[in-house]
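Biologist: Please take me through one part of this model in detail, the sheet and what packs against it.

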Amino acid sequence: MVNAKKDLVKTNTLQPPAATTNGTNNTEDNKRTRSSSFCQPKAKVLRPFNTSEVKILLLENINETAVKAFKKQGYQVETVSKALVGEELIEKIRDVHVIGIRSKTKLTKEVLKEAKHLLAVGCFCIGTNQVDLQAAAKQGIAVFNSPFSNSRSVAELVIGEIIMLARQLGDRNTEMHNGVWNKVSKACYEIRGKILGIVGYGHIGAQLSVLAEAMGMTVYFYDVLQIMPLGQAKPVESLDELLAISDYISLHVPETEDTRNLIGDHEIQQMKKGAYLLNNARGTVVQIPALTKGLQSGHLAGAAIDVFPKEPASNGPNFNYYPELLACPNLILTPHIGGSTEEAQSMIGLEVSQSLTKYINDGTSLNAVNFPEIDIRAIREDDKNTVRVLYIHQNIPGVLREINEIFADHNVEKQYSDSKGDIAYVMADIADVTDIKGLYNAIFATRANIQTRVLY
Ligand SMILES: NC(=O)c1ccc[n+]([C@@H]2O[C@H](COP(=O)([O-])OP(=O)(O)OC[C@H]3O[C@@H](n4cnc5c(N)ncnc54)[C@H](O)[C@@H]3O)[C@@H](O)[C@H]2O)c1
């Protein structure tokens with residue numbers, strides 16, 4: 001594997017690409033002159049390869065925004081609309097520098113072992129369970145995802161659900177589809193003036209807070225972190241306090257040891273009689289038997305559940321895990337669609353392609369999930385002989401000393417190093433390098449080397 005990567009760098013060290021200002025072949029941009037009282041130094045465009053040599057394989061119908069972004073960089077892009085498995089996947093992954101997947105393609109240790117040229121994986125979705133993250137890191141393959149691109153989609157769905165629950169729209173809709181006309185106003189409410197309690201005031205919780213206030217709700221929230229409230233929202237000291245004062249409780253916590261089974265019998269009893277519970281976070285946060293009991297007894301006036309402890313692997317008529325829950329009144333059930341919108345998909349395409357492009361072009365690993373996250377400021381355009389060394393190595397003692405000995409004859413402009421578990425990553429800008437290949441070979445030969453790239 002390492003040799004193959006070495007060859008790539010070797011080839012490209014000998015073939016410097018045409019310099020451009022923005023990573024594209026846009027010569028218009030090069031000609032443009034600016035008059036401004038403040039002029040920031042231009043960043044040097046770093047390229048390890050001829051742009052046409054970077055091969056990207058995008059599976060599972062990844063959004064067009066990503067395809068366009070990669071093509072704009074001059075990368076070779078191949079798209080496949082379905083997920084690949086077995087030999088077909090192995091055959092394809094052998095040849096590419098980046099693979100983009102969604103949730104169905106499984107990148108196991110065995111598959112990754114065959115990926116001799118792979119620099120990075122883009123998960124164009126939220127989760128990364130489909131990739132063996134540790135195996136990838138051990139091979140020096142960075143994995144990126146897009147955890148927050150769909151926050152707004154979830155927040156908007158929750159607003160819709162709050163109104164639907166308040167007006168019992170789920171039940172009225174089902175009745176109408178069954179030919180039943182049931183015009184009622186009893187126990188149907190406006191949401192204006194009601195209290196929304198948000199558990200977890202992160203990306204989604206905070207978005208929801210703003211939308212809910214705009215609808216006339218009063219917002220309180222509980223979070224384990226001290227977070228600056230938006231608008232008029234107010235933090236409370238404990239979950240029990242939030243449960244006791246809220247008309248609606250909406251859950252927006254991650255799945256952790258602490259949030260598993262967070263809402264059970266005790267918590268539901270802490271809620272006001274006639275309150276509503278919404279879970280668009282993770283299925284394991286709510287104990288389904290406790291929720292069923294709360295709805296059957298009438299203690300809860302309704303619930304909206306988008307996520308379940310157990311979810312089917314594929315679409316179809318196979319959702320039969322919770323028969324008692326399904327029979328409950330004023331209960332909106334959705335198949336984990338909180339973040340599933342066209343806008344979110346397009347945003348995911350943009351975000352992940354941007355992370356991958358920065359990693360390929362500059363070595364920046366910000367947003368990597370299995371890797372130390374590193375960034376340093378750009379090399380100035382006029383620093384012609386400054387090169388950037390990207391050194392992924394085993395996290396063992398003495399490596400930095402070895403590396404710095406290799407750098408010793410040069411001026412190290414800037415250097416950053418970080419580690420995560422067994423893997424460490426050094427990014428260093430070295431001035432006045434005339435023998436790039438010699439520098440590369442020396443670093444590559446170190447005992448801890450996993451992957452070395454030199455950008456110039
Ligand atoms: N339904 C969907 O389709 C969908 C889509 C996107 C995200 N999600 C889920 O929504 C949840 C929230 O996502 P996010 O992007 O807002 O996450 P986030 O990380 O931005 O925010 C989570 C917040 O929860 C807080 N928190 C953690 N443990 C807590 C606890 N025990 N009690 C109270 N607060 C706690 C954190 O401090 C953080 O502020 C996640 O579980 C995510 O997986 C679901």
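Modeller: What follows describes the sheet, strand by strand, and then the helix on it.

This is a predicted model, in which local features need pLDDT of at least 70, side-chain atom pairs count only at pLDDT 80 or more, and totals for chains, interfaces and linings use all residues. Residues are numbered from 1 along each chain as its sequence is written.

The sheet is open and has five strands in the order E2-E1-E3-E4-E5, with parallel pairing. Strands here are DSSP runs of E with at least two residues, helices are runs of H or I with at least four, and both are numbered from the N terminus; two strands pair if DSSP finds at least two bridges between them. E2 and strand E5 (142-144) stand at the edges with a single partner strand each, so one side of each has no neighbour in the sheet. On average, neighbouring strands are turned by 15° against each other, direction ignored.

At one edge, strand E1 (residues 55-58) runs parallel to strand E2 (residues 76-79), joined by four bridges. Leu58 has Thr79 in E2 as its bridge partner. Together with helix H3 (residues 64-72), E1 and E2 make a right-handed β-α-β unit: with the strands pointing away from the viewer, the path from the first strand over the helix to the second runs clockwise.

At the other edge, strand E4 (residues 120-123) pairs with E5 in the parallel sense over three bridges, and Ala120 stands opposite Ala142 in E5. Helix H14 (residues 342-362) packs on the sheet and touches strand E3 (98-101), E4 and E5, where contact means C-beta atoms, placed from the backbone, within 7 Å. The direction of H14 makes about 170° with that of E4; axes are lines fitted to C-alpha atoms, for helices over the stretch in contact, and angles run from 0 to 180 degrees between N-to-C directions.

Note on methods:
Two residues are in contact if their C-beta atoms, placed from the backbone, lie within 7 Å.
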